[in-house]
Amino acid sequence: LVMELVEGPTLDEVCAREGPVDLSRAWPWIQQVAMALDHAHASGVAHGDLSARNVVLTGTGDRLVATVIDFGLARLAAADAMGASATHDGDAGGERFGLRVAGTPEYLAPERLRGGPPSASADVYALAALAYRLLTGHHPFEGDPRDVMRQHLAAPAPPASTMRPGLPPAVDQAL
């Protein structure tokens, strides 16, 4: 895959600098990321490592646009159909913990932690984790990477409203 160089702050940098982002400001970015994933999925591509570090904001002022970057772990449905195998070897979530999965632990869906390949459903899970991070200033699960991975496998995340009172109940339901 060839990717355009996109410069600007990542959503991770925005969260680190500002903490929780107001729903009215975050919602367009969440929608833009969802539309980018929808387009990728319709084209037979699963991102595989969606995280706040892989979404860059471009533009200025009120015209900031969220751009999904780093399809380095992308999985192509066409390659799967031809029987090609992809290796998903260690990075932050990988072999240090005896797992053969790549990705950012705070955003990995349980099926990915169990060794499954990148998929549209795993990307949607990562989108929910990204929205949680934006709206609360926290990841759904925190701690060292091994603990984060165990938590993803063991239980649902605490409702976002417990981390940021005042969020509408619809946010908890959606996440």
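Select helix H6 (residues 145-154) together with helix H4 (110-113) and helix H5 (120-136): both H4 and H5 are among the elements that cover the buried residues of H6. Bear in mind throughout that this is a predicted model.

Within H6, show the side chains of Val-148, Met-149 and His-152, which are buried. Looking along the helix, one finds them on the same side of H6, because they cover an arc of only 100° around the axis. Then move to the start of H6 and add Asp-144 and Arg-146. A side-chain oxygen of Asp-144 comes within 2.9 Å of the backbone nitrogen of Arg-146.

Next, go to helix H5 and select Asp-123. Which side chain of opposite charge is nearest to Asp-123? Arg-112 is, at 6.7 Å, and the buried Asp-123 has no salt bridge. A salt bridge would need a side-chain nitrogen of Lys or Arg within 4 Å of a carboxyl oxygen. Turn instead to Gly-48, whose backbone nitrogen is reached by the side chain of Asp-123 at 3.1 Å. To display the surroundings, leave out neighbours within four places in sequence and select Leu-37, His-41, Ala-46, His-47, Gly-48 and Leu-50; Asp-123 is in contact with these residues.

Stay in H5 and move to Arg-133, then add Asp-12. Their side chains form a salt bridge, with 3.0 Å from N to O. Arg-133 belongs to helix H5 and Asp-12 to helix H1 (residues 11-18), so this pair ties together parts that are 121 residues apart in sequence. Are the two partners buried or exposed? Both Arg-133 and Asp-12 are buried. Add Arg-53 to the selection: Asp-12, Arg-53 and Arg-133 are linked in a network of salt bridges.

For the last stop, select Glu-18 with Arg-17 and Arg-25. The side chain of Glu-18 meets that of Arg-17 in a salt bridge at 3.6 Å, N to O. Glu-18 also forms a salt bridge with Arg-25, where the closest N and O atoms are 2.6 Å apart. Colour these three residues by accessibility. Glu-18 has 35% relative accessibility and so counts as partly exposed. Arg-25, at 34%, also counts as partly exposed. Arg-17 counts as exposed because its relative accessibility is 57%, the cut-off for exposed being over 50%.

To finish, display the salt bridges of the whole model; the count is 5.

Definitions and conventions:
Residues are numbered from 1 along each chain as its sequence is written. This is a predicted model: local features need pLDDT of at least 70, side-chain atom pairs count only at pLDDT 80 or more; totals for chains, interfaces and linings use all residues. Side-chain values use heavy atoms; hydrogens and water are left out. Buried means under 20% relative accessible area, exposed over 50%, partly exposed in between (1.4 Å probe, protein chains only). Helices (H or I, at least four residues) and strands (E, at least two) are DSSP runs, numbered from the N terminus. The arc is that of the directions from the helix axis to the C-beta atoms. Contact means heavy atoms within 4.5 Å. A polar contact is a pair of N or O atoms within 3.5 Å; within protein, one must be able to donate a hydrogen and the other to accept it, and residues adjacent in sequence count only if both atoms are side-chain atoms. Lys and Arg count as positive and Asp and Glu as negative; His and the chain ends are not counted.
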